[in-house]
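Subject: Structure handover

Dear colleague,

I am passing the structure below on to you, together with an account of what was found in it. Please read the notes alongside the coordinates.

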Amino acid sequence: MPLRDFLPQGEMVFPLSQHIGKPAKPIVKKNDPVLVGQRIAEADGFVSAHVICSCSGTVKAIEKRRVLTGAMMDCIVVDNDGAFTPAEGFGQREDASKLTNDDILARVQEAAIVGLGGAGFPTHVKLRPKDPAAIRYIIANGAECEPYLTCNDQLMRTRAAEIVEGLELMLRLFPNAEGVIGIERNKPEAISAMEAAVSGKNRMRVLPLKTKYPQGGERSLIQVVAGANFPITKLPADVGCIVENVGTIYAIQRAVLYHEPLFSHCLTLTGEAVKNPGNYIIRDGTSFSELLEASGGLKEGVTLKKALCGGPMMGIPLGSLDVPIQKQNNGLTLLPEDPCEIAEAQMTACLHCGRCTTVCPMGLLPQLMAEAADDGDLDRYEKKLYGLECIQCGSCTYICPAKRPLMQTFKQAKAEIMARKRAAGGK
Amino acid sequence: MNTALNISSSPHTRDKWSTAFIMRVVTLSLLPASLVGVIVYGWNALLVLALSVASAVASEFLFDKLTHKGDTWKDGSAVVTGLMLGLCLSPSAPWYIPVLGSMFAILVVKCCFGGLGKNFVNPALAGRCFLLISFGKVMSAYQIVDGVSMATPIAALKGGSAVNITQMFLGTANGVIGSSILALLVGGLALWALDIIHGQICFSVLISFTAAMGLFGGQGFDVKFLLAHLCGGGVVMGAFFMATDYVTSPVSRLGQTVYGVLIGLLGAVFRIKGGAPDSFSYSVIIANLFVPMIDTYILSKPFAYRRLARGKWDGSGPLLKRVPRPVIVLTSIALIAGVALSGVYALTKGTIEEQHRAAQAASYKVVLPSAESFEVDAALDQAVADLNGQVYGSDFGRSYINEVFIGRDAAGEIAGYAISATSADGFDGNITLAVGVSPDGTLNGISFTELNETPGMGMRADEPEFKEQFNGRTATRFKLIKAGSAIAEDEIDSVSGASITSSAVVNAVNAALDFFHTTVKGGN
Ligand code: SF4
Ligand code: SF4
């Protein structure tokens with residue numbers, strides 16, 4: 001599935017909150033003309049990111065629109081003129097050697113880069129740990145975060161040199177770190193492309209990984225690369241690691257060397273219901289339905305039962321496709337039938353088969369956790385079974401032959417425990 | 001465009017394996033053993049299996065309908081329970097045995113505790129134990145040859161006879177339907193290879209059982225002896241199919257290993273001490289009862305906490321720390337268990353011998369009621385010692401003379417002689433009895449000091465109906481009459497259905513009488 005540029009024609013919608021942290025503040029008004037790469041909303045606070053326009057046209061409205069979570073959120077709506085006229089000041093390659101570390105960080109922040117692996121954490125925050133000298137590994141995550149998605153693979157095959165440049169820029173910030181590019185073994189082309197690109201570079205290597213879900217999880221990667229396990233209360237930086245998706249690293253390269261803000265990224269369109277699956281460089285704000293139609297739509301005779309933003313394991317189910325694509329969205333999976341529905345029909349009592357325990361990447365005991373949560377014994381859940389360590393990867397739910405909704409139970413249990421803690425702390 | 005999209009929590013994909021699929025695979029894995037059973041034992045074996053499966057499924061179906069619990073009977077777990085139970089039954093079991101067993105297993109053990117996943121002991125095993133307790137006699141009749149019950153290989157092994165390991169391995173020896181070790185291994189290893197059963201359970205059962213049998217079985221690590229014990233008495237069935245039952249085994253790997261070792265050790269203790277061929281089911285059931293405790297105390301920690309004690313968060317501690325921990329834990333568990341086992345053995349050994357003595361003394365009083373005191377006689381003791389613990393005479397099977405006492409009444413006159421004799425030809429091992437003889441050679445009575453025969457069969461030798469036949473007889477040697485009524489002075493009626501036991505008793509009595517006439521009387 002080669003990488004194609006997709007230029008949307010319809011109206012573009014930019015939610016003001018596309019990332020973890022506070023929503024951004026709009027700096028344009030209705031009827032203002034806007035250009036590609038223009039900043040249209042400012043970050044509010046440190047853990048926040050700017051909003052960048054990805055097309056040219058005029059601001060049509062600033063109003064509440066439905067976003068992918070199903071909620072109504074403040075968005076800037078732009079009437080796309082289809083010309084994609086770029087704003088001034090970017091696209092020209094600069095000499096990186098003149099840039100200081102602060103310049104690099106400032107450009108990453110200006111470019112509004114967030115983690116493209118899914119969570120959407122502002123990257124400039126991640127790149128400013130308390131003690132840069134203590135960082136031992138910069139891990140470039142080339143493992144796909146989900147089984148269906150292939151956009152990282154495509155990006156590494158076609159942009160290997162750029163990714164390596166981006167990694168070099170990051171390594172400049174961390175004098176004691178080694179750059180490790182982790183790629184699953186089922187992507188031999190990507191591995192050889194990246195290996196060719198790193199050859200001759202200092203402090204950098206490619207690490208082929210076992211193909212398994214959730215290999216693309218931050219924790220799994222750190223476990224493999226640094227041999228470190230750490231509880232949920234710690235951050236990767238606490239064990240000397242920074243993990244960035246290869247897409248993010250590519251964006252860093254564009255931001256630092258070309259001064260180009262992040263307004264487009266790679267997305268996989270996939271699923272059994274899609275007629276022409278493929279990988280696209282997609283502009284933020286494009287609606288999912290426009291992408292699907294332009295790609296050729298659904299397979300004939302297939303009704304769409306389930307649409308997932310992301311992949312099947314952790315994807316967010318979409319109630320409607322008429323919502324804008326955000327920066328951290330790396331997949332659209334469309335299914336003609338709903339595996340959850342089928343699973344529900346097959347649900348039996350827990351067999352105690354232990355398969356969930358075997359697959360849990362955190363080494364938890366999902367079977368007992370579910371028992372404790374169902375019994376309302378949240379104390380046991382938290383203290384004896386370490387239930388808060390669950391990263392909600394869904395592996396246990398996936399594997400369970402009794403089709404128990406394990407992860408869903410854990411999500412609720414965690415929320416409940418957190419709520420109780422807040423209530424206790426608030427007194 | 002599309003308005004009716006489903007919204008539900010991730011993950012949005014599921015593995016192909018379902019409960020019903022796993023149950024189907026387990027059922028398949030039991031088929032080789034079933035097939036061999038039917039081929040070897042004939043159509044009645046098929047009937048037993050069919051009845052137990054059908055009544056298991058029907059029981060769950062009924063329960064579902066009565067309680068409106070949904071359609072749990074469809075998940076296939078009842079088929080597995082029924083088939084396992086059937087394989088643990090005698091091929092000659094009458095129709096009500098599998099039916100009642102399955103009903104008990106499903107209705108009482110499984111459904112009443114909340115159905116699949118809630119029972120605390122393995123339903124099939126519990127069903128079997130229920131049958132053993134309620135229908136001991138029928139249950140322990142394995143293969144009927146010419147109206148005489150044959151010993152199962154393990155019973156024969158206990159009795160000191162040689163067994164045919166090849167037959168046991170192939171499944172052509174006497175026993176339950178599912179006794180072909182080869183077929184069970186095929187199914188069990190397949191389940192293990194498919195990752196359906198946990199290797200740490202089945203192999204720790206087998207290893208600890210073998211080790212304990214070697215250490216405490218009294219024959220050392222004799223390959224033939226160990227193989228015979230491994231192939232007999234449901235060890236393989238227990239290890240691969242019963243112990244690995246998901247519901248009644250622990251969750252963590254370490255817990256599973258501990259549980260497996262526990263089963264193996266218990267199985268060995270029962271084998272050595274008890275000698276009931278069904279001991280293995282009991283050891284699994286007892287270990288089942290420990291599972292909640294194991295699950296409470298032996299929980300594995302998440303990866304993030306595993307090396308927290310000494311290592312650092314970043315895992316920069318020495319790699320070695322990773323490896324030995326489970327090894328150390330396992331070794332210590334094995335050591336502790338081993339020490340405990342030998343301790344129990346040493347302790348009970350003493351008491352068993354004492355009890356034995358007391359029983360012996362009391363039995364002398366029983367067979368010579370007029371005697372006030374018993375004394376040893378140097379000459380007679382010497383005569384016993386001269387026997388060198390060898391089989392006594394050539395006409396009494398494998399009989400031994402143990403000791404002789406002279407009983408004196410209140411006036412100090414000789415009231416009679418108490419002779420202890422043993423026959424090694426019992427159905428389940430040794431039979432030891434005391435024989436009281438008046439000075440004139442009249443038999444006063446007999447009393448058992450060691451009798452481990454099958455309940456309801458050989459054990460009935462201890463009933464007055466049989467043993468009081470000897471009282472007041474003057475014959476010097478008795479004959480056993482099978483299925484008739486004894487009239488002549490020297491005839492003894494056999495316990496019906498227990499001719500092996502009866503003839504062992506008669507042999508031991510005859511040996512004692514012979515010793516009395518040739519040595520006690522003849523010597524004086
Ligand atoms: S995988 Fe499902 S059935 Fe098996 S132990 Fe876990 S929760 Fe129970
Ligand atoms: S979702 Fe399940 S498998 Fe994943 S971390 Fe949580 S408990 Fe473990």
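The axes spoken of here are lines fitted to C-alpha atoms, for helices over the stretch in contact, and the angles run from 0 to 180 degrees between N-to-C directions. Please keep in mind throughout that this is a predicted model.

In those terms, helix α2 (residues 43–67) of chain B and helix α4 (residues 96–110) of chain B have axes that come within 8 Å and cross at roughly 35 degrees, and the crossing in which α2(B) passes α4(B) is right-handed. On the α2(B) side, the residues that meet α4(B) include Val48(B), Leu51(B), Ala56(B) and Phe63(B), while those of α4(B) include Val99(B), Met103(B), Ile106(B) and Leu107(B). By class, this contact of α2(B) with α4(B) comprises nine nonpolar, four polar and two charged residues.

In chain A, helix α1 (residues 101–110) and helix α7 (residues 246–258) pack at an angle of about 115 degrees with their axes 9 Å apart, and α1(A) and α7(A) are therefore roughly perpendicular to each other. The crossing of α1(A) and α7(A) is likewise described as right-handed, and the contact is made by Ile104(A), Arg107(A) and Val108(A) from α1(A) together with Ile252(A), Ala255(A) and Val256(A) from α7(A). Five of these residues are nonpolar, none is polar and one is charged.

Chain A also holds an open sheet of six strands with mixed pairing, in the order β1-β14-β13-β17-β15-β16. Strands β1 (3–5) and β16 (316–318) of chain A stand at its edges, each with a single partner strand, so one side of each is left without a neighbour in the sheet. From one strand to the next the twist averages 30 degrees. Within the sheet, β13 (residues 264–270) and β17 (residues 331–335) of chain A pair in the parallel sense over three bridges, and Thr268(A) stands opposite Gly331(A) in β17(A).

Turning to the ligands, the residues that surround ligand 1 include Cys350(A), Cys353(A), Cys356(A), Cys400(A) and His352(A), and its shell divides into eight nonpolar, three polar and no charged residues. Around ligand 2 there are 13 residues, of which Cys360(A), Cys390(A), Cys393(A), Gly394(A) and Cys396(A) come nearest. The elements that give two or more residues to this shell are α13 (395–399) and α14 (406–426) of chain A. By class, the shell around ligand 2 has ten nonpolar, three polar and no charged residues.

With kind regards

Key. Residues numbered from 1 in each chain as written. Chains lettered and ligands numbered in written order. Predicted model: local features only at pLDDT ≥ 70, side-chain atom pairs only at ≥ 80, totals over all residues. Heavy atoms only, no water. Near = heavy atom within 4 Å. Helix = DSSP H or I, 4+ residues; strand = E, 2+ residues; numbered from the N terminus. Nonpolar A, V, L, I, M, F, W, Y, C, P; charged D, E, K, R; others polar. Parallel < 35°, antiparallel > 145°, perpendicular 65-115°, else oblique. Left-handed = near helix turned anticlockwise from the far one by under 90°. Contact = heavy atoms within 4.5 Å. Pairing = 2+ DSSP bridges.
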